[in-house]
Amino acid sequence: MKNNWIALVLFLGFFQISYGQMDQYRAKRKLSGITAEWHRLILPDLIFQYLNDGLSDLRIYGITENKDTVEASYLLERKEDELTTESIDFKMINQSKTSDGFYYTFELNDETEVNEIKMNFSESNFDLRLNLEGSQDQKSWFTIEEDYRVLAIENEMTNYRFTDLVFPVSKFMYYRILVKSKTDPGMMSASVSMNKTLSGNYRNFEVTSTQISDDKKTKETLIDIDLKDLVPISKIRIWTSSPFDFYRPVTLKYLSDSVKSEKGWIYTYETLTSGILSSIENNIYSF
């Protein structure tokens, strides 16, 4: 499990920090080493058990030289990942078929870096393997991805598509996709882009216990996860060890309330996010 580091920017001016007269708060901490007008602090993990969900009850006070109490301003900043996507102009110049499958060739308007091709197929159910190659002159082709898997499942129970071809940053004028299929997959459209991620600051939190149970009536697997402390969570990744391909809907919930009754504890859970747990994706869930 991961959470965002939350950076605290303090406006302290010429104050000396003191909490002697702030008895109405549940927790206090002295700030020392004040040397400049602005400071950046990482909120410690233990502080979150005293704060509300929106962190709006956090206060910073200073004592002036005249012994006046002044409330200092601050900004809360979550250091999350920043994703930028640049669409790349291109045109599809060739569609052909051989005994190996169906070929689709793209020509970029300018030679630039790309790392993703989103594809749209007319078929609603398929499980295909792709090869991606790049070339500068359409004579010499270089393999970028081989045996890449794309998948679509559509029925009364679910509607799932994974058709994004993600690959290492490449710089060619021409790209060629081989869809290994005996029947025409029906590629209707595609888009080429360059995605860049500025990584945020994350901390891993220790899972103290994990309990797994199966509900035979609903045919669901329930996984209860406990953390050591009450901390803000914004990202969860699930690792699996199944040797088989799988695709399952998943819902992530948190314990929002509990009431003790004559029959024991009654727990209330609220949904964080829902998604798909599969053998072909990274299974990272952000909220």
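A residue is taken as buried when its relative accessible area is under 20%. By this criterion Leu55, whose relative accessible area is 14%, is buried in the structure described here, which is a predicted model. Leu55 is placed in the loop that runs between β3 (38-42) and β4 (61-63), and its phi is near 60°, a positive value in a residue other than glycine. A positive phi, again near 60° and again in a residue other than glycine, is found at Asp147, which lies not in a loop but in strand β12 (residues 142-154). With a relative accessibility of 40%, Asp147 counts as partly exposed. In the protein as a whole, buried residues account for 32% of the 287 residues.

The protein contains 23 strands and zero helices. Its radius of gyration is 27 Å, well over the 19 Å that the globule rule gives for 287 residues, and the protein is therefore more spread out than a compact globule. Along the principal axes, the C-alpha trace spans about 85 × 55 × 25 Å.

Among the strands, four form an open sheet in the order β7-β16-β10-β14, with antiparallel pairing. The edges of this sheet are occupied by β7 (82-88) and β14 (164-170), and because each of these has a single partner strand, one side of each is left without a neighbour in the sheet. On average, and with direction ignored, neighbouring strands of the sheet are turned by 30° against each other. Within the sheet, strand β10 (residues 114-121) and strand β16 (residues 187-198) are paired in the antiparallel sense over six bridges; Glu116 has Ser193 in β16 as its bridge partner.

The strands of this sheet also contribute to the second largest pocket, as β7, β10, β14 and β16 are among the strands that each supply at least two residues of its lining. The others that do so are β13 (159-162), β20 (235-237) and β23 (284-286). About 840 Å³ of space lies in the second largest pocket, and the lining comprises 24 residues, of which Val166, Glu281, Asn282, Asn283 and Ile284 lie nearest the centre of the pocket. In composition, the lining of the second largest pocket divides into nine nonpolar, nine charged and six polar residues.

Note on methods:
Residues are numbered from 1 along each chain as its sequence is written. This is a predicted model: local features need pLDDT of at least 70, side-chain atom pairs count only at pLDDT 80 or more; totals for chains, interfaces and linings use all residues. Side-chain values use heavy atoms; hydrogens and water are left out. Two strands pair if DSSP finds at least two bridges between them. Axes are lines fitted to C-alpha atoms, for helices over the stretch in contact, and angles run from 0 to 180 degrees between N-to-C directions. On a 1 Å grid over the protein atoms alone, a cavity is a set of points where a 1.4 Å probe fits but cannot get out, and a pocket is an open set with protein on both sides within 12 Å along at least five of seven lines; lining residues have an atom within 4 Å of a point. Grid points are joined across faces, edges and corners, and a volume is the space filled by probe spheres set on the points. Ala, Val, Leu, Ile, Met, Phe, Trp, Tyr, Cys and Pro count as nonpolar, Asp, Glu, Lys and Arg as charged, and the others, Gly among them, as polar. Buried means under 20% relative accessible area, exposed over 50%, partly exposed in between (1.4 Å probe, protein chains only). The radius of gyration is taken over C-alpha atoms; the globule rule is 2.2 Å times the number of residues to the power 0.38.
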